[in-house]
Amino acid sequence: ARGRRRRWSPRGSVGVPQLSTGDMLRAAVAEGSEVGKRAQAVMESGGLVSDEIVVGIIAERVARPDCAKGFLLDGFPRT
């Protein structure tokens, strides 16, 4: 109907997953991946997870089949 607004949905709008770096960090730690273990050690010491580690986590995630046609990256690059 005219005048209605649909809530914007990245997956529904463009057919690709929205990837949050925070969610990916938590998932990598929970999965116990090698890069997740590195991130966990930094986070437990109170440090900021390096871009090198974050890029590794992103690389692992975008290699999955649901990202084959693209993805939206939320929270990277960081400032």
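Which residue just after α3 takes a positive phi? Keep that in mind while reading the points below; the answer comes in point 6.

1. Welcome to this structure, which is a predicted model. Its chain holds four helices and two strands. Reading from the N terminus, the order of elements is α-β-α-α-α-β. Of the 79 residues in the chain, 24% are buried. Among contacts with a separation of 6 or more, 63% are between residues 24 or more positions apart.

2. A good place to begin is helix α4, residues 51-62. With twelve residues at 1.5 Å a residue, α4 should span 16 Å, and this agrees with the 16 Å between its end C-alpha atoms. The buried residues here are I53, V54, I57, I58 and R61. They sit on the same side of α4, because the arc they cover around the axis is only 135 degrees. A general point helps here: an α-helix has 3.6 residues a turn, so residues three or four places apart point the same way. As for what lies against this side, the buried residues of α4 pack against β1 (18-20), α2, α3 and β2.

3. One residue on that list may catch your eye. Is R61 buried or exposed? R61 has a relative accessibility of 15%, under the 20% cut-off, so this arginine counts as buried. If neighbours within four places in sequence are set aside, the contacts of R61 are P17, L19, M24, D66 and C67. R61 also takes part in the meeting of α2 and α4, described next.

4. How do α2 and α4 sit against each other? Two packed helices are described by the angle between their axes and the distance between the axes. For α2 and α4, the angle is about 85 degrees and the axes are 10 Å apart. The two helices are therefore roughly perpendicular to each other. On the α2 side the residues are T21, M24, L25 and A28, and they meet V54, I57, I58 and R61 of α4. Sorted by class, this contact has six nonpolar residues, one polar and one charged. T21, in helix α2, is worth a closer look: T21 is buried, as its relative accessible area is 10%. Away from its neighbours within four places in sequence, T21 is in contact with V54, I58, L73, D74, G75 and F76.

5. Helix α2 (residues 21-31) also meets helix α3 (residues 34-44), where the axes come within 8 Å and cross at roughly 105 degrees. This angle falls between 65 and 115 degrees, so α2 and α3 are roughly perpendicular to each other. Here L25, A28 and V29 from α2 meet G36, A39, Q40 and M43 from α3. The contact of α2 with α3 is made up of five nonpolar and two polar residues, with no charged ones.

6. Now for α3 and what follows. The buried residues of α3 are V35, G36 and A39. Seen down the axis of α3, these fall within an arc of 100 degrees, so they line one face of the helix. The cover over them includes α2 and α4. On the face turned away from the buried side, α3 carries the exposed residues E34 and E44. Just after this helix comes the answer to the opening question: G46 takes a positive phi, of about 85 degrees. For context, most residues other than glycine have a negative phi, and most peptide bonds are trans.

7. M43, also in helix α3, makes a useful contrast with the buried residues. Its relative accessibility is 39%, so M43 counts as partly exposed. Not counting residues up to four places away in sequence, M43 touches V29 and V49. Between M43 and L25 there are 10.0 Å from C-alpha to C-alpha, with the two 18 residues apart in sequence.

8. Last, a detail of the backbone. Which peptide bond is cis, with omega near 5 degrees? The cis bond is the one from F76 to P77. P77 belongs to the segment after β2 (72-74). F76 has already appeared above, among the residues in contact with T21.

Terms used:
Residues are numbered from 1 along each chain as its sequence is written. This is a predicted model: local features need pLDDT of at least 70, side-chain atom pairs count only at pLDDT 80 or more; totals for chains, interfaces and linings use all residues. Side-chain values use heavy atoms; hydrogens and water are left out. Axes are lines fitted to C-alpha atoms, for helices over the stretch in contact, and angles run from 0 to 180 degrees between N-to-C directions. Angles under 35 degrees count as roughly parallel, over 145 as roughly antiparallel, 65 to 115 as roughly perpendicular and the rest as oblique. Contact means heavy atoms within 4.5 Å. Ala, Val, Leu, Ile, Met, Phe, Trp, Tyr, Cys and Pro count as nonpolar, Asp, Glu, Lys and Arg as charged, and the others, Gly among them, as polar. Buried means under 20% relative accessible area, exposed over 50%, partly exposed in between (1.4 Å probe, protein chains only). The expected span of a helix is 1.5 Å times one less than its number of residues. The arc is that of the directions from the helix axis to the C-beta atoms.
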